Amino acid sequence: MGEAIGQVLLYGVAVALGPFPIIGVVLMLGTPRARTNGPALLLGFILGLSLVGTVVLLVSGGAGPGEQGQPATWVSALYLTVGALLLWTAVKQWRGRPRGDEEPAMPGWMARVDTFTPPKAAGLGTALGALNPKNLLLVVAAAATIARTDTSAGALGATSGLTALVGAGGLALILALRKAAPAVPGSLVAVALGIGASAAFDLADRGVDTVGDIAAGLPPFGFPDVSAGDLGALAAGSAGVLLVAFAEGLGAAKTYAARAHREVGADRELIGLGAANLGAGLSGGMVVNGSLSKTAVNWSAGARTQLSGIVAAALTVLTLLFLTGLFERLPEAVLAAVVIAAVVELVDIPSLVALHRVFTHRLGQAYGVAARPDFLASVAALLGVLAFGTLPGLFIGITVSLLLLLYRSSRPVVSELGRLPGDGHYAALDRHPESRRVPGVAVLRVEGGIYFANTDRIRTEVRAAAARTGVKAVVVDAETVPFVDVSAVRMLDALAAELEAGGTRLLLARDVGQVRDVLRTADARAELMRVHPTVREAVDAARRET
């Protein structure tokens with residue numbers, strides 16, 4: 001399975017980079033039925049891709065790899081066909097391009113997009129996904145890649161219909177009870193009925209996988225038989241397990257604590273996990289952590305306090321001693337249904353939508369693609385976990401967050417301020433059209449810390465303001481500058497000397513204590529050390545001395 005995912009990933013990236021779903025969704029969001037047309041088109045697009053891939057997998061019949069692990073003949077022939085068709089499509093698109101002043105023709109569906117209903121939007125998405133030449137050929141190639149590995153259509157065809165029926169029935173029962181009778185523990189009812197059905201109809205003999213043999217009795221207690229030389233080899237793996245276990249456990253705890261309007265102490269969680277894992281190590285147990293799926297099952301069953309953990313522990317001991325034979329008949333499909341029903345509540349699409357909505361035109365102008373950092377980091381972590389697993393996905397999310405933070409901090413917003421009529425306060429010209437520039441003085445506000453990554457950008461902004469006709473002084477409002485580093489001080493020193501040589505002064509106003517400390521200890525120019533308490537005073541000083 002991992003081999004198939006790795007080989008198909010490039011095809012998936014090529015499909016995802018295509019403009020059709022993005023353009024289609026953007027256009028749908030501008031229609032009168034935007035809230036339903038956009039998701040409908042996207043779902044239709046995914047459905048179209050899935051249909052093409054499924055057809056290729058079924059037609060392949062699970063051919064698998066050829067002799068000595070080489071691709072089957074039909075797969076090589078299909079790759080040649082796909083390559084030739086892609087080249088033919090590229091040549092056709094090139095020959096049909098607009099010439100000279102010729103305007104490109106708009107597709108018919110774009111002209112009628114305002115009249116689309118959700119079914120029409122879904123149909124359009126399906127057509128764009130399944131019939132677009134590029135997508136069609138790429139998905140065919142991806143499906144052929146899956147078919148020639150061990151993960152073939154034959155494995156799909158070997159799925160037990162009875163197993164699927166048992167799992168679907170258990171899931172439907174849990175969801176139905178959750179809606180119709182919330183007080184009834186649907187998961188417990190599904191497990192009980194699953195065991196009863198397995199015993200009554202001999203489901204194990206009919207191809208339905210069950211839990212199988214469970215060793216009865218309590219585990220032995222004592223230190224594991226591990227040599228001192230193995231401890232070093234276990235250290236790296238233990239660190240990774242610790243990181244994943246604590247991150248998942250704390251995330252699950254905070255998620256459900258927020259629902260109950262409670263707080264979670266990270267230190268207490270560490271103590272609890274440490275003690276539990278010591279006990280697990282001495283009793284031959286598995287790694288203990290706050291499992292997201294098990295927490296979801298617990299919550300859906302009505303557990304709200306630590307007493308549920310004590311009850312679960314007591315029932316676990318009771319089960320190990322006397323009831324293991326009963327659970328051996330439990331169909332694994334029913335267990336899967338219990339987990340799916342619990343975890344599905346954690347799929348929080350509205351939160352992603354809310355993160356995507358945190359955007360303004362000014363943010364887009366300032367930060368470009370990084371104007372939605374929370375949304376991008378969330379999607380990166382989501383895709384990382386789905387594609388590579390929990391630990392790599394966690395690091396992917398952290399890395400993307402840090403890169404976005406670095407990118408945004410390297411592009412701080414530099415606003416020009418003007419004097420408001422009446423009270424004489426200063427405000428951004430682009431947000432307050434009634435404010436006016438001060439003759440001979442440019443007032444700039446840097447909205448962020450100044451450090452080595454953004455000194456060039458700030459230098460450019462200050463030079464541009466000083467180069468305007470009639471400007472004899474530039475005042476930098478440093479109230480929104482939380483910190484500076486030595487590189488920033490050196491840049492400001494050199495910039496002040498450069499402007500002074502051209503007859504323009506550089507003044508600072510309203511700096512915070514940390515900025516003042518760095519300016520003093522880094523031996524900044526006397527002009528920069530003389531920070532004015534308000535912008536008005538800095539402007540008045542600039543006008544008096546120029």
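Which residues form a nonpolar patch on the surface, and how much accessible area do they have together? In this predicted model, the patch is made up of Leu218, Leu307, Ile310, Val311, Leu315, Val317, Leu318, Leu321, Phe322, Leu323 and Leu326, and their accessible area together is about 1,000 Å². One of these residues, leucine 315, sits in helix α14, which covers residues 307-327. Leucine 315 has a relative accessible area of 48% and is therefore partly exposed, since the exposed class begins only over 50%.

A view of the whole chain helps to place this patch. The protein chain contains 24 helices and five strands. Of its 546 residues, 32% count as buried. The accessible surface comes to about 32,000 Å², and carbon and sulfur atoms account for 65% of that area. When contacts between residues at least 6 apart in sequence are considered, 74% of them join residues at least 24 apart.

The interior comes next. In soluble globular proteins, nonpolar side chains tend to be buried together. Here the largest nonpolar core has 29 residues, and those with the most contacts inside it are Val446, Ile450, Val462, Val474, Val481, Val484 and Leu506. Two or more residues of this core come from each of β3 (441-447), α20 (455-466), β4 (473-477), α21 (486-501), β5 (505-509) and α22 (513-521). Helix α21 gives the largest share, seven residues. A second, separate core has 15 residues, including Ala509, Val535, Ala541 and Ala542. Valine 462 offers a good look into the largest core: beyond residues up to four places away in sequence, valine 462 touches Leu444, Val474, Leu495, Leu499 and Leu506.

Two helices elsewhere in the chain can be described in some detail. Helix α15 runs over residues 332-343, and its twelve residues should span 16 Å at 1.5 Å a residue; the end C-alpha atoms are 17 Å apart, which agrees. The buried residues of α15 are Ala333, Val334, Ala337, Val338, Ala341 and Ala342. Helix α13, covering residues 292-300, holds threonine 295. Threonine 295 counts as partly exposed because its relative accessibility is 24%, and burial would require a value under 20%. Leaving aside residues up to four places away in sequence, threonine 295 touches Ala252, Tyr256 and Gly290. Tyrosine 256 is 39 residues from threonine 295 in sequence, while their C-alpha atoms are 8.4 Å apart in space.

Charged residues add another layer to the picture. Side chains of opposite charge can pair when their charged atoms come close. The count of salt bridges comes to 13. One of them joins glutamate 416 and arginine 437, with the closest N and O atoms 3.1 Å apart. This pair links distant parts of the chain, 21 residues apart: glutamate 416 belongs to strand β1 (residues 413-419), and arginine 437 to the loop between β2 (426-428) and β3. Glutamate 416 is buried at a relative accessible area of 15%, whereas arginine 437 is partly exposed at 49%.

Another salt bridge brings together the side chains of aspartate 511 and arginine 516, at 3.2 Å from N to O. Aspartate 511 is buried, with a relative accessible area of 9%, while arginine 516 is partly exposed at 40%. The side chains of aspartate 517 and arginine 520 also meet in a salt bridge, at 3.3 Å from N to O. Both residues lie in helix α22, and because they are three residues apart, about one helical turn separates them. Aspartate 517 is partly exposed at 38% relative accessible area, and arginine 520 is partly exposed at 46%. Salt bridges that share partners also join Glu416, Arg437 and Arg468 into one network.

Two points along the backbone deserve a closer look. Most residues other than glycine have a negative phi. Aspartate 202, although not a glycine, has a positive phi of about 50°. Aspartate 202 is placed in the loop between α10 (186-201) and α11 (228-259), and is partly exposed with a relative accessible area of 40%. Arginine 510 also has a positive phi, near 55°, and is a residue other than glycine. The loop between β5 and α22 contains arginine 510, which counts as partly exposed at 29% relative accessibility.

Technical notes
Residues numbered from 1 in each chain as written. Predicted model: local features only at pLDDT ≥ 70, side-chain atom pairs only at ≥ 80, totals over all residues. Heavy atoms only, no water. Core = buried A, V, L, I, M, F, W, Y, C linked by side-chain atoms within 4.5 Å. Buried < 20%, exposed > 50% of the residue type's maximum accessible area, 1.4 Å probe, protein only. Helix = DSSP H or I, 4+ residues; strand = E, 2+ residues; numbered from the N terminus. Contact = heavy atoms within 4.5 Å. Patch = residues over 30% accessible without salt bridge, like charges linked within 9 Å, V, L, I, M, F, W, Y side chains within 5 Å. Areas by Shrake-Rupley, 256 points an atom, 1.4 Å probe, with all protein chains shown as cover. Salt bridge = Lys/Arg side-chain N within 4 Å of Asp/Glu carboxyl O. Expected span 1.5 Å × (residues − 1).
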